[in-house]
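Q: Please take a close look at a single part of this structure with me, and explain each term as you go.

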Number of protein chains: 2
Amino acid sequence: MSDTPDGAGALPPPGEPSLDEQIAAYQREFQDLDPQVEKVVSALGRLNRRMNVAYGRQVSELGISNTEWEVLKTLVLAGAPYRLGPGELAKRLGLTPAAMTHRIDRMASEGLVTRDRDENNRVRVIVELTDEGRAKWLEAMRMASAFEEDLLQDLSSDERGVLGDVLIRLLRRVEDAQPDAGGRLKDLDPDED
Amino acid sequence: MSDTPDGAGALPPPGEPSLDEQIAAYQREFQDLDPQVEKVVSALGRLNRRMNVAYGRQVSELGISNTEWEVLKTLVLAGAPYRLGPGELAKRLGLTPAAMTHRIDRMASEGLVTRDRDENNRVRVIVELTDEGRAKWLEAMRMASAFEEDLLQDLSSDERGVLGDVLIRLLRRVEDAQPDAGGRLKDLDPDED
DNA sequence: GGTGAAGACTTCAAAGCTAAAGTTAGAAGT
DNA sequence: ACTTCTAACTTTAGCTTTGAAGTCTTCACC
């Protein structure tokens, strides 16, 4: 029902070498490289990059930015009255409290959230999703899930299951590998091949 | 030979819900969601995020930032004399030329690259990797590939092959899905679940 | 019930990015 | 040769984020 999602999808940056070219080039420069490993890692990085571009394009049609969408998602994930404090939001989004303050400023001025002091504890602030914010989230979610289903459409249900399981194993492995600071590391680059 | 890579690995942001919790919450709020699809997509996003944190930690031990490492990689990928113009670099990295100018400034002042006018065409500038830059790249590459092999160590060779192929199919699908601008979209968020 | 410490934001200065305007060298037409 | 166009950066202004330094409650202890 949607062979080409909408305006979704993302082309590679013009001059970028193809995956195979890239791996071949790395091997020339660094013999110890395992091409199979590199293939997986590079494909993962590129796929993610393209997907983020696609998400960004989609939500921008709704007049919100990708970063604003992140905040909407986090509030919805919190459930029911869709409230969280700036500190908690910052923690979950991996931002500094300072950045959170500014983001909330913007989003409040756009009517996506409200910001109020907690009357029971006037040190705390409560950020709450507005109806408009919730509506935007819903629209974005609809677009995103359509895009995601389209993306995976060539995979059989079995393949999807296996892919999910493998990714989760990898995820566990990264998280188990020498824990330390956790979150909020500067310079997380979106572009990682 | 390396069960815990080094100082690699990345913990989830403290307050973040687990993948399963997250998917359950989304389903509560949005019935149409296909949990299998969401599982794949969320795992992909998280995995990538954690990996970028890990890369960032590793290269910072070498005194370079993740963004600088990107530039080093691009120059090495260009091959042989490791030269590219700022414009070409910007295109491949998905940056604006303005940002590239500043990045090159920093990297030149740190001795990672040189910046010279092309004597044959004085409008052009040539950015060239220094020996130090190349050495940094090599060290970073060694750390990264060790980390990557460790990450995939629980997967059989078959699994790695299949995973790579599936990811490449997905990659093709994103790129084929309605091409348009390509690269350089503002607001590519690193954090995307 | 006064003082000190801790917690939860907010403010400020500086880094790095984008978009748009500005420069400068080479190319094209007349 | 003179003007105009184009290409390839660089500069400028404004935004978003970070890290560090406030500010303002609330809580604990004396």
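A: Two strands are said to pair if DSSP finds at least two bridges between them, and the strands themselves (E, at least two residues), like the helices (H or I, at least four), are DSSP runs numbered from the N terminus. This is a predicted model, in which local features need pLDDT of at least 70 and side-chain atom pairs count only at pLDDT 80 or more, while totals for chains, interfaces and linings use all residues. Residues are numbered from 1 along each chain as its sequence is written, chains are lettered from A and ligands numbered from 1 in the order in which they are written, and side-chain values use heavy atoms, with hydrogens and water left out.

In chain B, three strands form an open sheet in the order E1-E3-E2, with antiparallel pairing. Its edge strands, each pairing on one side only, are E1 (83-84) and E2 (113-117) of chain B. E1(B) is joined to E3 (residues 125-129) of chain B by two bridges in the antiparallel sense, and Leu84(B) has Val127(B) as its bridge partner in E3(B).

Turning to the DNA, a residue is near a strand if one of its heavy atoms lies within 4 Å of it. DNA strand D is surrounded by 20 residues, the closest being Thr96(A), Ala99(A), Arg103(A), Arg106(A) and Arg122(A). Of the strand D atoms within 4 Å of the protein, 81% belong to sugar or phosphate, and the rest to bases. Several polar contacts, that is, pairs of N or O atoms within 3.5 Å, reach its phosphate oxygens: the side chain of Arg103(A) has an N or O atom 2.8 Å from one, that of Arg106(A) comes to 2.9 Å, and that of Thr101(B) to 3.0 Å. The elements giving two or more residues to this surface are H5 (97-109) of chain A and, from chain B, H4 (86-93) and H5 (97-109); H5(A) gives the most, with five residues. By class, nine residues of the surface near strand D are nonpolar (Ala, Val, Leu, Ile, Met, Phe, Trp, Tyr, Cys and Pro), five are charged (Asp, Glu, Lys and Arg) and six are polar, which covers the others, Gly among them.

DNA strand C has 18 residues around it, of which Val123(A), Thr96(B), Ala99(B), Arg122(B) and Val123(B) come nearest. Here a polar side-chain atom of Thr101(A) lies 3.0 Å from a phosphate oxygen, and an N or O atom in the side chain of Arg124(A) is 3.2 Å from a phosphate oxygen of strand C.

Definitions and conventions:
A polar contact is a pair of N or O atoms within 3.5 Å; within protein, one must be able to donate a hydrogen and the other to accept it, and residues adjacent in sequence count only if both atoms are side-chain atoms.
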